[in-house]
Amino acid sequence: MADTQAAKPRPKSGWLNILVDYGPLLVFLGVYKFYQPPADSTFGEIAAVIYGTIAFMIAAVFALVFSKLKFGHVSPMLLLSTALIVGFGGLTIWLQDERFIQIKPTAIYLLFGVLLVGGWLRGKALLQVLLEAAFEGVDREGWLKLSRNWGFFFFVLAGLNEVLRLQLSFESWLWAKLWVFMPLSFLFTFTQIPMLLKHGLALEDEAEVMTDEPPTA
């Protein structure tokens with residue numbers, strides 16, 4: 001007997017996921033540049049960071065709400081990263097020290113790396129849970145490999161963030177988030193497609209892989 005129930009199509013998030021991930025960072029950059037003082041004004045620099053941080057926190061919460069309204073759910077990774085943005089942003093405002101907003105990505109990368117690699121070592125593909133099985137057809141081995149690979153990549157990003165944080169000015173570090181970390185994340189995601197195709201990824205879902213990557217902003 002034929003199944004009379006039509007299969008419910010899986011909604012495609014498209015490039016809106018990238019806007020949700022990187023939109024708050026762009027808001028931070030915009031507000032920071034708007035309030036950025038002359039180079040010799042130390043107090044003004046701190047004020048610009050605080051204004052940018054407030055905008056960053058608001059934009060992150062807005063992105064979370066938008067994700068819930070648009071996609072009908074909030075991924076665990078987005079929820080966790082938003083909580084860390086608000087937490088480290090609060091410390092930045094309270095202590096008036098921009099280092100907390102710079103350390104936030106390192107904390108996120110290390111946490112995600114530990115979770116994913118730890119899950120892989122225990123035979124659990126946590127990325128499948130965190131992405132809510134976004135890629136149809138991928139088998140268990142494929143999800144395990146993807147979790148492992150992203151876990152180690154997060155460790156690389158954590159180390160890179162610390163090197164750039166210590167070597168660059170605050171503004172240069174901000175731009176590096178946009179022009180270094182985002183391209184690296186897209187490039188790494190692209191390198192995972194051949195492996196996923198070997199483990200059952202549907203051809204029509206290749207573009208979805210590029211837009212459903214874990215948040216790295």
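Is Q96 buried, partly exposed or exposed? Q96 is partly exposed, because its relative accessibility of 45% falls in that class. The legends below describe a predicted model, and Q96 returns in the last of them.

**Figure 1. Overview of the protein chain in the predicted model.** The protein chain has nine helices and zero strands. Along the sequence, the pattern reads α-α-α-α-α-α-α-α-α. Of the 217 residues in the protein chain, 48% are buried.

**Figure 2. Close-up of the second largest cavity, with a volume of about 60 Å³.** In total, three cavities of 30 Å³ or more are counted. The second largest cavity is lined by 10 residues, and L25, F56, I101, K104 and W173 are the closest to its centre. Two or more lining residues come from each of the helices α1 (16-35), α4 (99-121) and α7 (170-191). By class, the lining holds eight nonpolar residues, two charged residues and no polar ones. Rolling a probe the size of a water molecule over the atoms shows where empty space is left.

**Figure 3. Helix α4 and the residue G123 just after it.** Helix α4 has 23 residues and, at 1.5 Å a residue, should span 33 Å. Its end C-alpha atoms lie 33 Å apart, so the span in the model agrees with the expected value. Just after α4, G123 has a positive phi of about 75°.

**Figure 4. Aromatic pairs around Y35, with F34 on one side of the description and Y51 on the other.** The model contains 16 aromatic pairs. In one of them, the ring centres of F34 and Y35 are 5.0 Å apart and the planes meet at 85°; an angle over 60 degrees counts as edge-to-face, so this pair belongs to that class. Y35 also pairs with Y51, at 4.4 Å centre to centre and 40° between the planes, and this pair is tilted. Y35 lies in helix α1 and Y51 in helix α2 (residues 42-71), so the pair ties together parts that are 16 residues apart in sequence. The three residues can also be described by their accessibility. F34 counts as exposed because its relative accessibility is 65%, with the cut-off for exposed set at over 50%. Y35 has a relative accessible area of 40% and is therefore partly exposed. Y51, at 42% relative accessibility, counts as partly exposed.

**Figure 5. An aromatic cluster and a lysine over one of its rings.** Y109, F112, W150, F153, F154, F181 and F188 form one aromatic cluster. Over the face of F181 lies K177, at 4.5 Å from the ring centre.

**Figure 6. Q96 in the loop between α3 (76-95) and α4, shown with I46.** Q96 is not a glycine, yet its phi is positive, at about 55°. Most residues other than glycine have a negative phi, and most peptide bonds are trans. I46 belongs to helix α2. In sequence, I46 and Q96 are 50 residues apart, while their C-alpha atoms are 6.6 Å apart in space. I46 is partly exposed, with a relative accessible area of 23%, and Q96 is partly exposed at 45% relative accessibility.

Definitions and conventions. Residues numbered from 1 in each chain as written. Predicted model: local features only at pLDDT ≥ 70, side-chain atom pairs only at ≥ 80, totals over all residues. Heavy atoms only, no water. 1 Å grid on protein atoms, 1.4 Å probe; cavity = no way out; pocket = protein on both sides within 12 Å on 5 of 7 lines; lining within 4 Å. Points joined across faces, edges and corners; volume = space filled by probe spheres on them. Helix = DSSP H or I, 4+ residues; strand = E, 2+ residues; numbered from the N terminus. Nonpolar A, V, L, I, M, F, W, Y, C, P; charged D, E, K, R; others polar. Expected span 1.5 Å × (residues − 1). Phe/Tyr/Trp six-rings, centres within 6.5 Å; stacked < 30°, edge-to-face > 60°. Buried < 20%, exposed > 50% of the residue type's maximum accessible area, 1.4 Å probe, protein only. Lys NZ or Arg CZ within 6 Å of the ring centre and 35° of its normal.
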